[in-house]
Amino acid sequence: MPELPEVETVANGVNERVRGLRIESVWLSFKPQTFKTPAAEMLELLEGRRIERVRRVGKHIVFDLEDGDLEDGRRPHSEPGNDGKLQWIVHLGMTGRLLVSEPEVPVPTHTHAVLRLSSGRELRFVDARRFGRLAIHRVADEGEGFQGPGQEPLSISVQDFVRLFRGRRLAIKLALLNQSLLHGVGNIYADESLFRAEIRPRRMAGRLRRAELERLHVSIQSVLREAIALGGSSVSDYVDAAGVAGFFQLEHKVYMRTGQPCLVCGTAIRKVVMGGRSTHYCPQCQH
DNA sequence: ATACCGACCTGTCAGC
DNA sequence: TGCTGACAGGTCGGTA
């Protein structure tokens, strides 16, 4: 499902609804693949913590956690050797959702985590295909916390962006999907950015001219910012923390428009497969 | 370093 | 109506 704009929308929505709340109790599905940190350990570490805030890093949602106070003022997790700061890391995979719901709302099928919060509401992680992942990240002393694998597309400078692709002997489309270079761009926004920058997806990353990379840098940032402003793209089932769909799919110029006329020149949009992913482009506008 | 493939999963939709 | 196959926003690991 989700790329940077969708993850950002979810993270912001969840943050507004859960920031400052205490995690009173936790239920987990114990499906092993979902839990990068073993579920029993995660359960133990989450219960009683307070959620300081929720934000996006790449395609990951990061919950900064604090020790939660018990009624008698003791701190349940401050035993020796267990006092580092923790983060709860959520990756939505293809179909993952984070929903903040009233407890009366029936729990959807494929729910893998339920956090009962001090507001009385529940934070639910629902993921039909189970490509999503949950983990606890322990913040090293004086560390910055979870950083993600690559650089942030919204804040990377042109110089760093250009440097990222220097000497890379792979197609620019595949380079954009490589999360250890830039993190957050997925299949939709790779195609849409390349269209805006008028670059063919098969062009070799290391052979792009500086002017082309500069166009791509601008295109990626503008596409992502516009998509965030519209709440992301809802192609089939993506929804935000309140269960509301996004609208950026209405702005797609090439993604899922195979055979339809290019909105700039009228040429039929072409679809090819690259790295096992559908890739859409205009053979006239993109060079 | 890169390319390509299958694997991991369920749901949906087109075609027969 | 029901079955089959293709495909879907993502990543990982193996083998060239």
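Begin at the surface near DNA strand B, which by class has three nonpolar, two polar and four charged residues, where near means that a heavy atom of the residue lies within 4 Å of the strand. In this classification Ala, Val, Leu, Ile, Met, Phe, Trp, Tyr, Cys and Pro count as nonpolar, Asp, Glu, Lys and Arg as charged, and the others, Gly among them, as polar.

The model is predicted, so that local features need pLDDT of at least 70 and side-chain atom pairs pLDDT 80 or more, while totals for chains, interfaces and linings use all residues. Residues are numbered from 1 along each chain as its sequence is written, chains are lettered from A and ligands numbered from 1 in the order in which they are written, and side-chain values use heavy atoms, without hydrogens and water.

Select next Gln33, His110, Ala128, Arg129, Arg130, Phe131, Arg168, Arg169 and Leu170, the residues around DNA strand B. Of the strand's atoms within 4 Å of the protein, 71% belong to sugar or phosphate and the rest to bases.

Zoom in on His110, where a side-chain N or O atom is 2.6 Å from a phosphate oxygen of DNA strand B. At Arg169, turn to the backbone, of which an N or O atom lies 2.9 Å from a sugar or linking oxygen of DNA strand B.

Finally, select strand β4 (residues 86-91), in which five of the six residues are buried, that is, under 20% relative accessible area with a 1.4 Å probe and protein chains only; strands are DSSP E runs of at least two residues, numbered from the N terminus. β4 pairs in the antiparallel sense over six bridges with β3 (residues 60-66), and also over six antiparallel bridges with β8 (residues 133-138), pairing requiring at least two DSSP bridges between the strands.

Technical notes: Polar contact = N/O pair within 3.5 Å; in protein donor to acceptor, adjacent residues only side chain to side chain. Buried < 20%, exposed > 50% of the residue type's maximum accessible area, 1.4 Å probe, protein only. Helix = DSSP H or I, 4+ residues; strand = E, 2+ residues; numbered from the N terminus.
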